[in-house]
Every structure is written in C-alpha cells, then in structure tokens.
Amino acid sequence: MIDIFKVKKILAKELGVEPSKIGDKDSFCEDLKMDSKQVARLIARVESELKIKFEYTKEYVARANTVEILAYLVKIESDNQIKLDDSVLENETN
C-alpha cells in the first residue's frame, strides 16, 4: 500500500525540503512553486522510486496538481499493477 508520506518524501528530495513542510493539499505550482519541468521530474522519480508505471491513470497524471491527488493516482496504479501481476501468475499455473 502506498501512503501519502512516501510521495511527500520523494517530493521533499526533489525540492530539498523536509517532508513535514509539505501539506497533503499543497499545489505543486501555486504552493510549492514548481514549474512544469519540475513536476515532470517528480512524476518520473515517483515511478522510479516506487517501481510503478503510470498506465491506467496516464491521462490524469498530467493534471495531478496536488500531493494528495498524486498519492491517490500512485495507489490506483500500484493496486492495478498488483492485480495484473496476480492474473499473469494465475494464467501461468493453469
């Protein structure tokens, strides 16, 4: 299960601040003063560090504008990828 704190830790590394300084509802652009390149790097870093690939929610990721929304999309992706992995294993055993 991915929690919002993991996303905050990755974001904190990207911004060079403590995770406690980042609010759940903070907007990347307005509150955290990130530009589009920084947001793109953040998304790539989230995928890399959490070992997920935004496939199911790809169209929404570009519009994710808060920490809370990105964490929610990460949860959806990780849940869907676990289900996909389970179905692959079931097919291999049959």
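## Crossing of H1 and H2

In this predicted model, helix H1 passes helix H2 in a right-handed crossing. H1 spans residues 4-15 and H2 spans residues 36-50; they pack at an angle of about 130°, with their axes 10 Å apart. The two helices are therefore oblique to each other.

On the H1 side, the contact is made by Lys-6, Ile-10, Leu-11, Lys-13, Glu-14 and Leu-15, which meet Gln-38, Arg-41, Leu-42, Arg-45, Val-46, Glu-49 and Leu-50 of H2. By class, the residues of this contact comprise six nonpolar, one polar and six charged.

## Salt bridges between and within the helices

The count of salt bridges comes to eight. One of them joins the side chains of Glu-14 and Arg-41, with an N to O distance of 3.1 Å. This pair links distant parts of the chain, as Glu-14 lies in H1 and Arg-41 in H2, 27 residues apart. Glu-14 counts as buried because its relative accessibility is 19%, whereas Arg-41, at 44%, is partly exposed.

Within H2, Glu-49 forms a salt bridge with Arg-45, the closest N and O atoms being 3.0 Å apart. Because these two residues are four apart in the helix, about one helical turn separates Glu-49 from Arg-45. Salt bridges with shared partners join Lys-13, Glu-14, Arg-41, Arg-45 and Glu-49 into one network.

## A salt bridge from the loop to H1

A further salt bridge brings together the side chains of Asp-24 and Lys-8 (2.6 Å, N to O). Asp-24 belongs to the loop between H1 and H2, while Lys-8 is in H1, 16 residues apart. Asp-24 is partly exposed at 33% relative accessibility; Lys-8, at 11%, counts as buried.

Conventions. Residues numbered from 1 in each chain as written. Predicted model: local features only at pLDDT ≥ 70, side-chain atom pairs only at ≥ 80, totals over all residues. Heavy atoms only, no water. Axes fitted to C-alpha atoms, helices over the stretch in contact; angles between N-to-C directions. Parallel < 35°, antiparallel > 145°, perpendicular 65-115°, else oblique. Left-handed = near helix turned anticlockwise from the far one by under 90°. Contact = heavy atoms within 4.5 Å. Nonpolar A, V, L, I, M, F, W, Y, C, P; charged D, E, K, R; others polar. Salt bridge = Lys/Arg side-chain N within 4 Å of Asp/Glu carboxyl O. Buried < 20%, exposed > 50% of the residue type's maximum accessible area, 1.4 Å probe, protein only.
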